[in-house]
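This report looks at how helices pack and where charged side chains pair. The structure comes first, then the reading of it.

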Amino acid sequence: MFSEHDAENLDFLRSLSDDALLNWYSQASDDDIAYAQELLDRWELALLTMDAEERGFTVVDIPTVTLQ
């Protein structure tokens, strides 16, 4: 699901303190922020899928379209 590069970037984002994350965000480009959000969304989906499978559900497809 994640390439090695993506996994390293996700680990970096997850390791930041609140202040460090705000500092990163204030200096990041729009593309960097979009990429970080994509990584965090994919991580969230992976966690939700693992949780559902641990509860005995078979996960076939979870829509990834953001509801507004």
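In this predicted model, helices α1 and α3 are roughly perpendicular to each other. Their axes cross at roughly 95° and come within 10 Å. An angle from 65 to 115 degrees counts as roughly perpendicular, so the label follows. Helix α1 covers residues 4–15, and helix α3 covers residues 30–54.

**The α1–α3 contact**

Which residues of α1 and α3 make the contact? From α1 come His5, Asp6, Asn9, Leu10, Leu13 and Arg14. From α3 come Tyr35, Ala36, Leu39, Leu40, Arg42 and Trp43. By class, seven of the contact residues are nonpolar, two are polar and three are charged.

**Helix α3**

Helix α3 has 25 residues. From its first C-alpha to its last, α3 reaches 36 Å. That is close to the 36 Å expected at 1.5 Å a residue. Glycine 56 follows α3 and has a positive phi, near 95°.

Which residues of α3 are buried? They are Ala36, Leu39, Arg42, Ala46, Thr49 and Ala52. The cover over these buried residues includes α1 and also α2, residues 18–27. Ala36, Leu39 and Arg42 also appear in the contact with α1.

**Salt bridges**

How many salt bridges does a search of the whole structure find? The count is four. Three of them are listed here with their closest N to O distances.

| Salt bridge | N to O distance |
|---|---|
| Arginine 14 with aspartate 11 | 4.0 Å |
| Glutamate 38 with arginine 42 | 3.4 Å |
| Aspartate 51 with arginine 55 | 3.0 Å |

The pair of arginine 14 and aspartate 11 lies within helix α1. The two residues are three apart, about one turn of the helix. Arginine 14 is partly exposed, with a relative accessible area of 46%. Aspartate 11 is partly exposed as well, with a relative accessible area of 46%. Arginine 14 also takes part in the contact with α3.

Glutamate 38 and arginine 42 both sit in helix α3. They are four residues apart, about one turn of the helix. Glutamate 38 has 40% relative accessibility, so it counts as partly exposed. Arginine 42 is buried, with a relative accessible area of 19%.

For aspartate 51 and arginine 55, the side chains meet at 3.0 Å, N to O. Aspartate 51 counts as partly exposed at 34% relative accessibility. Arginine 55 counts as exposed at 60% relative accessibility. Elsewhere, shared partners join Asp6, Glu38 and Arg42 into one salt-bridge network.

**Arginine 42**

Several of these threads meet at arginine 42, a residue of helix α3. Why does arginine 42 count as buried? Buried means under 20% relative accessible area. Arginine 42 has 19% relative accessibility and therefore counts as buried.

What does arginine 42 touch, leaving aside its neighbours within four places in sequence? It is in contact with Met1, Phe2 and Asp6. Asp6 belongs to the α1 side of the contact with α3, and Asp6 is also part of the network with Glu38 and Arg42. Arginine 42 is thus described here in three ways: as a buried residue of α3, as part of the contact with α1, and as a member of the salt-bridge network.

Key. Residues numbered from 1 in each chain as written. Predicted model: local features only at pLDDT ≥ 70, side-chain atom pairs only at ≥ 80, totals over all residues. Heavy atoms only, no water. Axes fitted to C-alpha atoms, helices over the stretch in contact; angles between N-to-C directions. Parallel < 35°, antiparallel > 145°, perpendicular 65-115°, else oblique. Contact = heavy atoms within 4.5 Å. Nonpolar A, V, L, I, M, F, W, Y, C, P; charged D, E, K, R; others polar. Expected span 1.5 Å × (residues − 1). Buried < 20%, exposed > 50% of the residue type's maximum accessible area, 1.4 Å probe, protein only.
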